[in-house]
Amino acid sequence: MCGRYSASRRPEDLAGIFEIEKWEPEETLAPDYNVAPTKEVYAVLDRPVKDAEDQRPVRQLRRLKWGLVPSWAKTPEGGARMINARAETVHEKPSYRRAFATRRCIMPADGYYEWVTGKQERDLEVEGRKKRPRKQPYFVLPADGSVFAMAGLYEFWRDRTLPDDHPGAWWATCSVITTEAENTPLAVTPAEGPRSLADIHPRMPLMLTPDRWDAWLDPSRTDPDDLRSLLDAPPTGLMRAYPVSTAVSNVRNNGPELLKELAAPEEGTLF
């Protein structure tokens, strides 16, 4: 799954990486090294600019709230739980299928945090059952230091309790697509601890390699069968993972020190 990640790149840098055509400086977010559900995050999307004469899709960098609220929802209360959509079922789940067909985005990150779980706990999570508290946190990132482009979906939800001209009348929300974690060796294999992403957790965010960005963002591609080919896992051997301080477990902690690599897992943790 993906329940926490780091996003520290400046919008100017993201604009160059993703060839952004439009972003508003007043929407700039501060670097966030401990992004948690319900926070505002950056998303890259191709969409016509509202009220523009030219209605061609424009690549934009937008601020969205992490936790998708379907357009048909009566209230936004379930959004905090809808932070992840499974690649295997995203095309058919009522909460996600419309967004999958027409509102896909990329959520740029430095990498994501995951907490190592024991075998019994991993088995329960695979079955969708409740799990016990997590253990040692790891930071997972591209081995070459490039941006982690997470496949995402976005939606718009109208708060009918507010007038049309109210700034909070429309919610723009998003969700990260997850897939099965790789069970092949990491690009950098540690001397101790997990040797594959599957050793850490059974799920991982779906990372889009640059050759898939344009196709994923293209709003003219709406055939679910065609789109499902874009949900294939990326090539193996691109990722590394290292232990970080348990300070990241507290969402109030935030700063680049959370990304500091530990020489070994903290004492008393699983690895």
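Partly exposed means a relative accessible area between the two limits, buried being under 20% and exposed over 50%. The exercises below use a predicted model.

**Exercise 1. Classify R56 by its accessibility, then find which salt bridges its side chain forms.**

Step 1. R56 has a relative accessibility of 41%, so R56 counts as partly exposed.

Step 2. The side chain of R56 pairs with that of E21 in a salt bridge, at 3.0 Å from N to O. E21 sits in the loop between helix 1 and strand 2, and R56 in the loop between strand 3 and strand 4, so this pair ties together parts that are 35 residues apart in sequence.

Step 3. R56 also meets D54 in a salt bridge, with an N to O distance of 3.3 Å.

Step 4. Both acidic partners can be classified as well: E21 is partly exposed at 46% relative accessible area, and D54 is partly exposed at 46%.

Result: a network of salt bridges links E21, D54 and R56. The structure holds 14 salt bridges; another one joins D13 to R10, with the closest N and O atoms 3.3 Å apart.

**Exercise 2. Find which residues of helix 1 are buried, and explain why they lie on the same side.**

Step 1. Helix 1 covers residues 11-18, and its buried residues are P11, L14, A15 and F18.

Step 2. These residues span an arc of only 105° around the axis, which puts them on the same side of helix 1.

Step 3. The cover over the buried residues of helix 1 includes strand 3 (40-47), strand 4 (58-66), strand 6 (104-109), strand 9 (148-158) and helix 5 (210-217).

Step 4. Just after helix 1 comes E19, with a positive phi of about 55°.

**Exercise 3. Describe the surroundings of two buried arginines, R203 and R4.**

Step 1. R203 belongs to strand 11 (residues 203-205) and is buried, with a relative accessible area of 9%.

Step 2. The R203 side chain makes a polar contact of 2.9 Å with the side chain of E88. The R203 side chain also reaches the backbone oxygen of T178, at 3.0 Å.

Step 3. Neighbours within four places in sequence aside, the residues in contact with R203 include M1, R86, T179 and A181.

Step 4. R4 lies in the segment before strand 1 (5-7). R4 is buried but has no salt bridge, and D32, the nearest side chain of opposite charge, is 8.7 Å away.

Step 5. What the R4 side chain does have is a polar contact of 3.0 Å with the side chain of N34. Residues up to four places away in sequence not counted, R4 touches, among others, W66, Y112, Y113, W115 and N250.

**Exercise 4. Count the disulfides, and explain why C2 and C105 form no such bond.**

Step 1. A disulfide is a covalent bond between the sulfur atoms of two cysteines. The cut-off used here is a sulfur pair within 2.5 Å.

Step 2. For C2, the closest cysteine sulfur is that of C174, 10 Å away, which is too far for a bond.

Step 3. For C105, the closest cysteine sulfur is again in C174, at 5.7 Å, also too far for a bond.

Step 4. C2 is buried at 0% relative accessible area, and C105 is buried at 0%.

Result: the structure holds zero disulfides.

Technical notes. Residues numbered from 1 in each chain as written. Predicted model: local features only at pLDDT ≥ 70, side-chain atom pairs only at ≥ 80, totals over all residues. Heavy atoms only, no water. Buried < 20%, exposed > 50% of the residue type's maximum accessible area, 1.4 Å probe, protein only. Helix = DSSP H or I, 4+ residues; strand = E, 2+ residues; numbered from the N terminus. Arc of directions from axis to C-beta. Contact = heavy atoms within 4.5 Å. Polar contact = N/O pair within 3.5 Å; in protein donor to acceptor, adjacent residues only side chain to side chain. Lys, Arg positive; Asp, Glu negative; His and termini not counted. Salt bridge = Lys/Arg side-chain N within 4 Å of Asp/Glu carboxyl O.
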